[in-house]
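Me: Please take a close look at one small part of this structure. Then set it beside the rest, in plain terms.

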Amino acid sequence: MTVANSVSMSHSIARRYAQAVFEIAREEGQVDALAAQTEELSAALDGSPELRDLISSPIYARDDQARAIGTLAARMNLSPVLANTLQLMARNRRLFVLPQFTQALAELIAVERGEVTAEVTSAAPLTDAQQEKLKATLAQKSGKTVKLNTRVDDTLIGGMIVKLGSQMIDSSVRSKLASLQNVMKEVG
């Protein structure tokens, strides 16, 4: 099996679990609660090397993974549907797809809410006013509610790069200098 097939299979597994959890949450009117819990679970994964080790290492037995994930679900006060799904994933040795699972859930929730996430890389941190203006502009262009994921990259020198779906707007000084350099090469 190739790496591409392995990744594709992981996404497929994660999507099936996410779709099931999402459908139940939507039927119960719990999409907002699921959104908050999904963000918490994703943050826990990002912030805990031990948790990432637990879900990906084959040295832990199914029962150990199930106990640990059950304890985590109880401490995070996860909904019964989400907690039971995590237990099922542990019993089926599918916890390794937890990062893809949280990502798939977040995508399903965003579609349900009519939201889109813009990835924004700027040369300096954006002020709250700048973020709100950018959100409003992007919302007007996309017709959807926009959430921003921002990060700072000082190598841009100035400006920003905005990725919204398949569109990318690069207004960074770095890219303008690179374009100018290419034009100068063609002339000289």
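Reply: Leaving aside the neighbours within four places in sequence, Ser 172 is in contact (heavy atoms within 4.5 Å) with Leu 156, Gly 158, Gly 159, Met 160 and Ile 161. The model is predicted, so local features need pLDDT of at least 70 and side-chain atom pairs count only at pLDDT 80 or more, while totals for chains, interfaces and linings use all residues. Residues are numbered from 1 along each chain as its sequence is written, and side-chain values use heavy atoms, with hydrogens and water left out.

Ser 172 sits in the loop between β4 (167-170) and α8 (173-187). Helices (H or I, at least four residues) and strands (E, at least two) are DSSP runs, numbered from the N terminus. Ser 172 counts as buried because its relative accessibility is 0%; buried means under 20% relative accessible area, exposed over 50%, and partly exposed in between (1.4 Å probe, protein chains only).

Helix α8 also holds Gln 181. At 47% relative accessibility, Gln 181 counts as partly exposed. Gln 181 and Ala 43 are 138 residues apart in sequence, and their C-alpha atoms are 41 Å apart in space.

Another partly exposed residue is Ala 20, with a relative accessible area of 39%. Ala 20 belongs to helix α1. Its C-alpha atom is separated by 19 Å from that of Gly 70, and the two residues are 50 apart along the chain.

Next come the buried nonpolar residues. A nonpolar core is a set of buried Ala, Val, Leu, Ile, Met, Phe, Trp, Tyr and Cys residues joined through side-chain atoms within 4.5 Å. The largest one has 34 residues, and Leu 34, Leu 86, Met 89, Leu 98, Phe 101 and Leu 105 touch the most other members. At least two residues of this core come from each of α1 (3-27), α2 (31-47), α3 (49-56), α4 (62-75), α5 (80-91) and α6. The most come from α1, which gives 7 residues. One of the core members with the most such neighbours is Leu 105. Beyond its neighbours within four places in sequence, Leu 105 is in contact with Ala 18, Val 21, Phe 22, Leu 34, Thr 38 and Leu 82. Apart from the largest core lies another, of 10 residues, among them Ala 118, Val 120, Leu 134 and Leu 164. In soluble globular proteins, nonpolar side chains tend to be buried together.

Leu 105 is also one of the buried residues of α6. The others are Leu 98, Gln 100, Phe 101, Thr 102, Ala 104, Leu 108, Ile 109 and Ala 110. Helix α6 covers residues 98-113, and at 1.5 Å a residue its 16 residues should span 22 Å, which agrees with the 22 Å between its end C-alpha atoms. The expected span is 1.5 Å times one less than the number of residues. After α6 comes Gly 114, with a positive phi near 70°.

Helix α7 can be described in the same way. It has 15 residues, 128-142, with an expected span of 21 Å at 1.5 Å a residue, and its end C-alpha atoms are 21 Å apart, which agrees. Just after α7 stands Gly 143, where phi is positive at about 75°.

To return to the starting point, Ser 172 is buried in the loop between β4 and α8, while Gln 181, in helix α8, is partly exposed.
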